[in-house]
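Grab a pencil and work through these exercises at your own pace. Try each task yourself before you read the solution below it.

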Amino acid sequence: MVEPANTVGLPVNPTPLLTDELDIVIPTIRNLDFLEMWRPFLQPYHLIIVQDGDPTKKIHVPEGYDYELYNRNDINRILGPKASCISFKDSACRCFGYMVSKKKYIFTIDDDCFVAKDPSGKAVNALEQHIKNLLCPSSPFFFNTLYDPYREGADFVRGYPFSLREGVSTAVSHGLWLNIPDYDAPTQLVKPKERNIRYVDAVMTIPKGTLFPMCGMNLAFDRDLIGPAMYFGLMGDGQPIGRYDDMWAGWCIKVICDHLSLGVKTGLPYIYHSKASNPFVNLKKEYKGIFWQEEIIPFFQNAKLSKEATTVQQCYIELSKMVKEKLSSLDPYFDKLADAMVTWIEAWDELNPPAAVAGNGKA
Amino acid sequence: MSSAEINKNEVDIVIGALNADLTQFLTSWRPFFSGFHLIVVKDPELKEELNIPEGFDVDVYSKTDMEKVVGASNSTMFSGYSCRYFGYLVSKKKYIVSIDDDCVPAKDPKGFLVDAVSQHVFNLENPATPLFFNTLYDPYCEGADFVRGYPFSLRSGVPCAASCGLWLNLADLDAPTQALKTEQRNTSYVDAVMTVPAKAMLPISGINIAFNRELVGPAMVPALRIAGEGKVRWETLEDVWCGMCLKHISDHLGYGVKTGMPYVWRNERGDAVESLRKKWEGMKLMEKSVPFFDSLKLPETALKVEDCVIELAKAVKEQLGSDDPAFTQAADAMVKWVQLWNSVNSSG
């Protein structure tokens with residue numbers, strides 16, 4: 001069995017990196033008690049809390065944290081009719097936090113994620129690892145068998161082309177989870193007791209052309225490089241599907257990152273995932289997704305963006321057109337989703353006027 | 001995963017002997033090699049007699065044996081590190097596990113010796129998943145599974161063609177890297193096996209490798225010989241080239257290649273700075289190889305491994321032949337290899 005780290009008494013990190021350049025986005029419907037445990041690592045940072053569900057409920061934020069909080073009323077007020085693209089009654093609403101942030105980097109974490117321990121028993125500073133991952137290059141064009149070559153103690157192996165050793169900018173750092181693994185409902189039902197106790201001490205770049213299931217529980221990204229593509233879709237209330245928000249974003253960002261020569265990393269850091277959601281509830285939410293993903297995956301695998309799409313927004317709009325053209329026949333939901341993708345970009349650009357943003361994506 | 005669960009009759013352990021004295025090597029591997037059939041192939045350029053301890057079920061092949069099987073002119077194909085390929089050729093088993101003679105069993109973080117043979121066979125016997133990346137790595141191992149969002153239609157996986165292991169202590173770095181970081185040793189034990197995604201290229205090392213001979217044997221080509229190839233890995237590229245061919249063919253035929261565990265402990269040998277003094281042609285050749293493999297499409301009609309190798313050889317000759325004679329020689333060697341493979345294995 002694996003346990004979370006005990007961070008009581010740990011001092012707040014005296015040298016936190018990028019405090020002026022990073023926002024932590026947390027969706028919540030209940031409370032933020034978990035932030036007590038994260039104090040040593042997260043207190044120096046600004047939080048953007050996206051409150052889902054009943055806007056009249058008061059969310060208590062632990063003392064000492066600097067934050068801004070948005071509930072549904074705020075979202076409606078700020079976006080007006082465009083608020084329709086932000087999910088309600090689903091943690092997908094978190095992407096509103098990405099949109100209103102003014103920082104370069106985002107770290108998003110779920111409110112049932114605690115600090116993990118590494119094999120030596122030490123508390124894992126997940127944010128610090130994410131920052132390391134984002135600040136150093138990725139290597140998507142050739143797989144390094146010793147994983148992250150830029151890590152202390154590692155390097156490129158014999159045969160790794162020298163011309164590819166500079167790598168490319170890292171857009172996304174996808175972390176993992178000890179204890180409750182991120183399984184779908186059918187797997188949860190079959191293996192209710194399975195816990196992830198395996199600490200795999202590696203970070204790696206996901207190769208170009210390869211898709212992956214991106215989990216939003218423990219995720220960081222460079223908002224300037226890929227932010228507009230981090231739309232978490234239409235989920236929850238009034239929608240036929242749930243628990244595919246992060247998946248959808250993950251497929252979109254990977255296609256766009258591959259197109260723009262940006263890197264996506266996965267592996268460390270681990271967080272400790274404490275709460276298993278109800279598998280029967282999950283099954284109802286995921287049900288359609290399980291069938292739909294069989295069509296959606298080949299769609300993304302074959303998606304080709306044009307040479308003219310050189311910014312993230314352009315890529316995303318192109319993708320939305322392809323979604324409308326190719327997936328609407330699967331279900332009218334995708335027609336709505338394609339429209340929402342466009343609305344999202346419009347809202348993003350409104351809140352983040354291009355002139356005010358330094359460098360966004362690259363060809 | 002205990003060796004009791006493996007059908008030892010399906011496995012040959014092939015060792016290329018570049019050192020005459022295999023006592024330390026075989027003694028250290030005894031707990032994990034015992035019960036298996038071993039094929040030891042002596043580097044035809046090695047003059048001394050091999051020293052092999054008692055108690056192993058082993059067949060030893062030297063230059064004379066090679067010449068009997070493939071003819072005197074072809075035995076040069078198997079010199080140096082490439083001697084092990086002769087073992088692949090004459091084996092009759094389903095799986096091959098091949099470890100360099102300067103490696104001994106590694107210890108895992110709990111202090112237990114790693115049974116590299118069992119881990120390799122486990123990797124080979126379980127499906128690979130090259131079409132979609134599983135973020136929890138090998139979904140078939142104990143305590144893991146496919147994650148949310150992994151398409152169900154892809155969960156049965158595909159046959160695993162090769163299992164590429166790793167190295168603690170002296171990692172398989174190239175000479176410039178090791179010469180620059182003389183003290184660097186790999187101490188990181190990454191507890192994972194994963195499938196290298198389809199279309200992704202990687203540098204496969206021959207130091208600690210296993211493969212399904214029945215599935216892809218002919219694709220394990222001893223082909224690329226760089227000028228001034230030497231008797232330390234820093235002065236070779238044969239395995240990396242073989243690996244590029246193998247991966248490309250595996251991708252084409254819908255097989256998978258795994259990487260990660262098992263680890264072996266690789267001992268110090270040679271001097272990276274010394275090797276660096278000799279101009280390492282490998283760098284140049286890799287730069288040319290990468291765009292070639294990246295854009296290469298094997299014809300749909302190439303459905304057998306042998307055909308894939310022949311088509312690949314044709315493409316190498318056409319597209320890379322003019323860049324460097326090493327590529328033309330590699331292409332010829334690939335064709336020759338398939339001929340030898342067919343002739344040796346049709347009589348068995």
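**Exercise 1. Find out how covered helix H4 of chain B is, and name its buried residues.**

Solution. Keep in mind that you're looking at a predicted model.
- Step 1: locate the helix, which spans residues 116–125 of chain B.
- Step 2: apply the cut-off, where buried means under 20% relative accessible area.
- Step 3: count. In H4 of chain B, 9 of the 10 residues are buried, so the helix is mostly covered.
- Step 4: name them. The buried ones are B:Ala116, B:Val117, B:Ser118, B:Gln119, B:His120, B:Val121, B:Phe122, B:Asn123 and B:Leu124.

**Exercise 2. Check the radius of gyration of each chain against the value for a compact globule.**

Solution.
- Step 1: take chain B. It has 348 residues, and a compact globule of that length would have a radius of gyration near 20 Å. Chain B comes out at 19 Å, so the two agree.
- Step 2: do chain A. Its 363 residues would give a value near 21 Å for a compact globule, and the chain has 20 Å, which agrees too.
- Step 3: look at the inside. Buried residues make up 64% of chain B and 61% of chain A.
- Step 4: list the elements. Chain B has 11 helices and 9 strands, while chain A has 10 helices and 9 strands.

**Exercise 3. Describe the contact between chain A and chain B.**

Solution.
- Step 1: count the residues involved. Chain B brings 62 residues to the contact and chain A brings 59.
- Step 2: look at the area. Together the chains bury about 4,900 Å², with 59% of it on carbon and sulfur atoms.
- Step 3: pick out the big contributors. B:Phe133, B:Arg148 and B:Pro203 supply 17% of the area that chain B buries against chain A, more than any other three residues.

**Exercise 4. Place A:Arg151 in its surroundings, and decide whether it is buried, partly exposed or exposed.**

Solution.
- Step 1: find it. A:Arg151 sits in the loop between helix H4 (126–135) and strand E6 (170–179) of chain A.
- Step 2: use the cut-offs. Partly exposed covers the range between under 20% (buried) and over 50% (exposed). A:Arg151 has a relative accessible area of 28%, so it is partly exposed.
- Step 3: list its contacts. Leaving out neighbours within four places in sequence, A:Arg151 touches A:Asp201, A:Ala202 and A:Leu268.

**Exercise 5. Hunt for backbone features that go against the usual pattern.**

Solution.
- Step 1: recall the pattern. Most residues other than glycine have a negative phi, and most peptide bonds are trans.
- Step 2: check the bonds. The one from A:Leu268 to A:Pro269 is cis, with omega near 10 degrees, and A:Pro269 lies in strand E9 (residues 263–273) of chain A. In chain B, the bond from B:Met261 to B:Pro262 is cis, with omega near 10 degrees, and B:Pro262 belongs to strand E9 (residues 256–266) of that chain.
- Step 3: check phi. A:Leu18 has a positive phi, near 55 degrees, and lies in the segment before strand E1 (22–28) of chain A. A:Lys89 also has a positive phi, about 60 degrees, although it isn't a glycine.
- Step 4: add accessibility. A:Leu18 is buried, at 19%, whereas A:Lys89 counts as partly exposed, at 48%.

Note on methods. Residues are numbered from 1 along each chain as its sequence is written. Chains are lettered from A and ligands numbered from 1 in the order in which they are written. This is a predicted model: local features need pLDDT of at least 70, side-chain atom pairs count only at pLDDT 80 or more; totals for chains, interfaces and linings use all residues. Side-chain values use heavy atoms; hydrogens and water are left out. Helices (H or I, at least four residues) and strands (E, at least two) are DSSP runs, numbered from the N terminus. The radius of gyration is taken over C-alpha atoms; the globule rule is 2.2 Å times the number of residues to the power 0.38. Buried means under 20% relative accessible area, exposed over 50%, partly exposed in between (1.4 Å probe, protein chains only). Contact means heavy atoms within 4.5 Å. Buried area is the accessible area (1.4 Å probe) that two parts lose on being put together, summed over both.
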